[in-house]
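User: Could you walk me through this model before I start looking at it on my own?
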Amino acid sequence: MVLPKEGDYIAIQSFKHNGSLHRTWKESMVLKVSEDILIGGNNRTLVTESDQHRWITREPAIVYFHKHYWFNVIAMIRETGVVYYCNLASPYLIDQEALKYIDYDLDVKVFANGDKRLLDLDEYEENRRKWHYSATIDEILKYNVNVLVYWINHQLGPFSKEFIDIWYGRYMELLQK
């Protein structure tokens, strides 16, 4: 598998634990790709839900995926500040079709003022029972919630102002080409 290059566009697909397609983002521009990380950018991209409902994102976003952590991060760049939506999810893989991951229901939202909220605990519990998440997956996800909160509290990785400034700047540069 050949990795995409800076400036390439890729689709992003999230699946549920049972293998069903959950959500697709039509295109995100690759800003950086390495063995462990993919950073992308998008703005006004088409999103298709599993029920075929379609909508378009409202603001520019920087997306962050890592091969060793069970979460990914969407940094939405708004006039009021950066709002983060973090999915607890399997590490990603890339094939000819898209960047893919399994969405494990739990989300952490970080508001522009720094407030954090754990979302969808009820959906997680329901799907954990329905699809028989293993004790190992449950432990991994709980551990990664703690890692994620640590990153947020210490402004590490995508949660640092410098990260957003660098990668949003690079996204805007590449759009001009």
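Analyst: One term to begin with: a residue is called buried under 20% relative accessible area, exposed over 50% and partly exposed in between, with a 1.4 Å probe and protein chains only. This is a predicted model, in which local features need pLDDT of at least 70, side-chain atom pairs count only at pLDDT 80 or more, and totals for chains, interfaces and linings use all residues. Residues are numbered from 1 along each chain as its sequence is written, and side-chain values use heavy atoms, with hydrogens and water left out.

User: Is Val2 buried or exposed?
Analyst: Val2 is exposed, at a relative accessible area of 70%, and it belongs to the segment before strand 1 (9–15). Its C-alpha atom is 8.4 Å from that of Asp95, although 93 residues of chain lie between the two positions.

User: How many helices and strands are there?
Analyst: The protein chain has 3 helices and 11 strands, where helices (H or I, at least four residues) and strands (E, at least two) are DSSP runs numbered from the N terminus. Read from the N terminus, the order is β-β-β-β-β-β-β-β-β-β-β-α-α-α. The radius of gyration is 16 Å, close to the 16 Å given by the globule rule for 177 residues, so the chain is as compact as a globular protein of that length; the radius is taken over C-alpha atoms, and the rule is 2.2 Å times the number of residues to the power 0.38.

User: What share of the residues is buried?
Analyst: Buried residues account for 47% of the 177 in the protein chain. Taking contact to mean heavy atoms within 4.5 Å, 46% of the contacts between residues at least 6 apart in sequence join residues at least 24 apart.

User: Switching topic, which residues does the DUF402 annotation cover?
Analyst: According to the UniProt record, an unreviewed entry, "domain: DUF402" covers residues 18–153; such positions are given in the numbering used here, feature names are shortened, and annotations may be inferred rather than shown by experiment. Over residues 18–153 the chain is 21% helix and 49% strand, with the end C-alpha atoms 33 Å apart.

User: What about backbone oddities, say the phi of Asp105?
Analyst: Most residues other than glycine have a negative phi. Asp105, which is not a glycine, has a positive phi of about 75°; it is found in strand 10 (residues 99–110) and is buried, with a relative accessible area of 1%. His132 also has a positive phi, near 55°, but it is exposed at 64% relative accessible area and sits in the loop between helix 1 (121–130) and helix 2 (135–153).

User: Back near the start, which residues is Asp8 in contact with?
Analyst: Apart from neighbours within four places in sequence, Asp8 is in contact with Ser28, Met29 and Val30. The C-alpha atoms of Asp8 and Met29 are 5.6 Å from each other, with the two residues 21 apart along the chain. Asp8 lies in the segment before strand 1 and counts as partly exposed, at 27% relative accessibility.

User: And where is Ile74?
Analyst: Ile74 is in strand 7 (residues 71–78), and it is buried, with a relative accessible area of 16%. Leaving out neighbours within four places in sequence, its contacts include Trp25, Ala61, Val63, Tyr84 and Asn87.
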